[in-house]
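Let's take a walk through a protein structure together, one step at a time. Keep the 3D view open and turn it as you read.

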Amino acid sequence: MLVKSEGTNSQIEVIVDGDSHHFELAENGDTILDAAIAIDADVPFACKGGVCCACKAKVMEGSVKMDVNYALDEDEVEEGYILTCQSHPTSDKVVIDFDEI
Ligand code: FES
């Protein structure tokens with residue numbers, strides 16, 4: 001029997017316009033933005049290339065890593081801001097707030 005490895009999923013909570021959305025996501029899977037769009041969360045985005053900053057949100061709990069970041073400065077990253085179109089979870093639980101910008 002073939003056993004497929006699926007990687008460990010993180011529990012993600014995305015808050016946008018006061019609504020909370022919950023889903024699971026693997027570190028090596030879709031970006032947080034794409035996963036949120038897939039469950040019909042009304043999240044903002046434009047370029048999906050790490051350039052425009054439309055998908056900016058704040059990490060309230062947990063940690064993520066970004067593939068690229070051409071829009072946020074160091075201070076913003078230190079404060080917990082991320083480009084969700086480039087972000088993947090790196091902790092068991094991640095809470096992202098789009099209303100905190
Ligand atoms: S959608 Fe443009 S930086 Fe993420």
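In this predicted model, the largest nonpolar core has 18 residues. The residues with the most contacts inside this core are I12, I32, L33, A36, V43, C55 and I96. Which elements each supply at least two residues of this core? They are β1, α1 (32–38), β3, β5 and β7. The largest share, four residues, comes from α1.

Try following A36 for a moment. Leaving aside neighbours within four places in sequence, A36 is in contact with V14, H21, A41 and V43. V43 is also among the core residues with the most contacts.

Now step back to the whole chain. You can count two helices and seven strands in the protein chain. Read along the sequence, they follow the pattern β-β-α-β-β-α-β-β-β.

Some of these strands come together in a sheet. Strands of a sheet pair through backbone hydrogen bonds, either parallel or antiparallel. Here, five strands form an open sheet in the order β2-β1-β7-β3-β5, and the pairing is mixed. At the edges are β2 (19–26) and β5 (81–83), each of which pairs on one side only. From one strand to the next, the twist averages 35°.

Let's cross part of this sheet, beginning at β2. Strand β1 (residues 9–16) and β2 pair in the antiparallel sense over eight bridges. One place to look is I15, whose bridge partner in β2 is S20. The hairpin of β1 and β2 has two residues between the strands. D17 sits in the loop between β1 and β2, and its phi is near 55°, a positive value in a residue other than glycine.

Is D17 buried or exposed? D17 is exposed, because it has 10 other C-beta atoms within 10 Å, and a residue with 12 or fewer counts as exposed.

S20, the partner of I15, is found in strand β2. S20 also counts as exposed, because it has 11 C-beta neighbours inside 10 Å. Leaving aside its neighbours within four places in sequence, S20 is in contact with E13 and I15. You can also find S87 in the view: S20 and S87 are 67 residues apart along the chain, and their C-alpha atoms are separated by 18 Å.

Next, move from β1 to β7. These two strands pair in the parallel sense over five bridges. For an example, find Q11, whose bridge partner in β7 is K93.

On we go from β7 to β3. Three bridges join strand β3 (residues 56–61) to strand β7 (residues 93–97), and the two run antiparallel. In β7, the bridge partner of K58 is D97, and the bridge partner of V59 is I96.

While you are at β7, look at its side chains, which alternate along the strand. Which of them point to one face and are buried? V94 and I96 do, while K93, V95 and D97 point to the other face and are not buried. I96 also appears among the core residues with the most contacts.

There is another backbone detail to find, in the loop between α1 and β3, where C53 is located. C53 has a positive phi of about 80° although it is not a glycine. With 18 C-beta neighbours inside 10 Å, C53 counts as partly exposed. The reason is that a residue needs 20 or more to be buried and 12 or fewer to be exposed, so C53 falls in between.

Now zoom out to the overall shape. Along its principal axes, the C-alpha trace of the protein chain spans about 50 × 25 × 25 Å. With 101 residues, a compact globule would have a radius of gyration near 13 Å, and the protein chain agrees, with 13 Å. Buried residues make up 24% of the 101 residues. Among contacts with a separation of 6 or more, 55% are accounted for by residues 24 or more positions apart.

Finally, how confident is the predictor? The protein chain averages a pLDDT of 94, and 93% of the residues score at least 70. Over residues 1–5, though, the pLDDT is below 50. Beyond near neighbours in sequence, this stretch has zero contacts in the model.

Conventions
Residues numbered from 1 in each chain as written. Pairing = 2+ DSSP bridges. Axes fitted to C-alpha atoms, helices over the stretch in contact; angles between N-to-C directions. pLDDT = per-residue confidence, 0-100. Contact = placed C-beta atoms within 7 Å. Core = buried A, V, L, I, M, F, W, Y, C linked by C-beta atoms within 7 Å. Rg over C-alpha atoms; globule rule 2.2 N^0.38 Å.
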